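Student: Could you help me learn to read a protein model? I would like to go through it one feature at a time.

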Amino acid sequence: MIPISVCIIGKNEEKNIERCLAPLMPYGFEIIYVDTGSTDRTKELAAKYTDNIYDFEWIGDFSAARNFSLQKASHNYVLVLDCDEFLTEIDLDGIEKAINEHPRGIGLLLRINYCESNQMETFSPDRVERLFHKRRYHYCYSIHEQVADINTNSTYCERYDIPLTVDHIGYAGSMEEKRLKAERNNELLFKEIEKHPNDPYFYFQVGQSYNLISDYENAYIYYKKAFDLPLNPEELWVQVMAVTFINAMTHTDRSDEALEIFEPIAHLFSDTADFLCSMGNIYLNQTKPQPLKAMMEYVKALQAPNCREEGANSYVAYYNIGLVNEMMGKLDEAVNFYRRSAAYDYPLAMERLIELGAELP
């Protein structure tokens, strides 16, 4: 097996650190933990799993801390995790095969993000850049750090999927916790915008901060600033922004504007269930709704490769197909799809079934 160092940075993570480190132990990884100023038992708990514990004085720069952790790794290949990410599935032989097939690329693990969405606790998947050769790549940006070529600092690099899955709880928590996180992140992001006023990535991340606390008006403002700058639709974060920008526009009664922006470029993002659901929402929320076009998008979403059973992009699609059928007077079909959605305990689907006098699943 190609030796791999797992590099983690953290601060005051005593509630998560053991859940993060314990699942790594059976696989023989070197574990590097860099602490940026904990005042709780994080380091004490981490010491149960690794002797490689280092302190890094916090200077308001996540990339600096990440790169320090890479320097402490004994192995060339590094796997980067956060304290709130917990390994659930791994195929070491598959990882080695993927590395050998893409020796100059960056491996994307599968992250299952647990959060509150559509009035219920749910999850959504994404792919994030976490496995790479530390002599070829490092981190850039002080906040929402990105993997970049160590010589050119370009963040546009070859990527490939690796058979490794983690559960992520960083988007969960109370609204007050989310607000504090958004304020902390935006303080750093606005400093980055002052230094890089033409880089859309930082405007996108400010929008993400506002989206986290459901401030959709400000989220729209910053997503639009990002979208007005040159973008590469193949970048993972641009694909994410396509969905969150649409979400902000539908929440602020701008679906007509969303259609003008995204209908001509929908083909650039149409291989993901989340984007297809978002396009369906655009058609459904027009000043003059287009329910048949909306239904087509929801059906395509259910057939998309990343539509995961019990994920938001499955039960929401079922619910909205039911909604379109109800709009067209096809109540039997509507009830059928509402039941499929309600099978995942989706509150809106159950409400519609009760309103229609139909039996719950």
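Student: What should helix H11 (residues 291-303) span at 1.5 Å a residue, and how far apart are its end C-alpha atoms?

Tutor: Before the answer, some ground rules. This is a predicted model, where local features need pLDDT of at least 70 and side-chain atom pairs count only at pLDDT 80 or more, while totals for chains, interfaces and linings use all residues. Residues are numbered from 1 along each chain as its sequence is written, and side-chain values use heavy atoms, with hydrogens and water left out. Helices (H or I, at least four residues) and strands (E, at least two) are DSSP runs, numbered from the N terminus. The expected span of a helix is 1.5 Å times one less than its number of residues. For the 13 residues of H11 that gives 18 Å, and the end C-alpha atoms are 19 Å apart, which agrees.

Student: Which residues of H11 are buried?

Tutor: Here "buried" means under 20% relative accessible area, "exposed" over 50%, and "partly exposed" in between (1.4 Å probe, protein chains only). In H11 the buried residues are Pro291, Ala294, Met295, Glu297, Tyr298 and Ala301.

Student: Where do those buried residues fall when H11 is seen down its axis?

Tutor: Start with the general idea. An α-helix has 3.6 residues a turn, so residues three or four places apart point the same way. The arc is taken from the directions that run from the helix axis to the C-beta atoms. In H11 the buried residues fall within an arc of 160 degrees, so they line one face of the helix. Turned away from that buried side is a face carrying the exposed residues Leu292, Met296 and Gln303.

Student: How many residues of helix H10 (residues 273-284) are buried?

Tutor: Ten of its twelve, so H10 is largely enclosed by the rest of the structure. Among them are Phe275, Leu276, Met279, Ile282 and Tyr283. The length of H10 also fits: 16 Å is expected, and its end C-alpha atoms are 16 Å apart.

Student: And how far does helix H13 (residues 331-342) reach?

Tutor: From first C-alpha to last, the twelve residues of H13 reach 16 Å, close to the 16 Å expected. Its buried residues include Val335, Phe337 and Tyr338.

Student: Let's turn to charges. How many salt bridges are there?

Tutor: A salt bridge is a side-chain nitrogen of Lys or Arg within 4 Å of a carboxyl oxygen of Asp or Glu. By this rule there are 21 salt bridges. One of them pairs Arg41 with Glu44, with the closest N and O atoms 3.2 Å apart. Arg41 counts as partly exposed because its relative accessibility is 42%.

Student: How far apart are the closest N and O atoms of Arg111 and Asp126?

Tutor: They are 2.8 Å apart, in a salt bridge. Arg111 lies in strand E6 (residues 106-117) and Asp126 in strand E7 (residues 120-133), so the pair ties together parts that are 15 residues apart in sequence. Arg111 counts as buried, at 9% relative accessibility.

Glu326 and Arg352 also meet in a salt bridge, at 2.5 Å from N to O. This pair links distant parts of the chain, with Glu326 in helix H12 (residues 312-327) and Arg352 in helix H14 (residues 347-355), 26 residues apart. Salt bridges that share partners also join Arg66, Asp82, Glu85, Arg111, Asp126, Arg130 and Glu145 into one network.

Student: What is unusual to look for in a backbone angle such as phi?

Tutor: Most residues other than glycine have a negative phi, and most peptide bonds are trans. Tyr141 has a positive phi near 80 degrees, though it is a residue other than glycine. Tyr141 sits in the loop between strand E8 (137-140) and strand E9 (146-149). Asn153 is not a glycine either, and its phi is positive at about 65 degrees. Asn153 is found in the loop between E9 and strand E10 (159-168), and at 40% relative accessibility it counts as partly exposed.

Student: One last comparison: how far apart are the C-alpha atoms of Val80 and Pro291?

Tutor: They are separated by 44 Å, and the two residues are 211 residues apart along the chain. Val80 is in strand E4 (residues 77-82) and counts as buried, at 2% relative accessibility.
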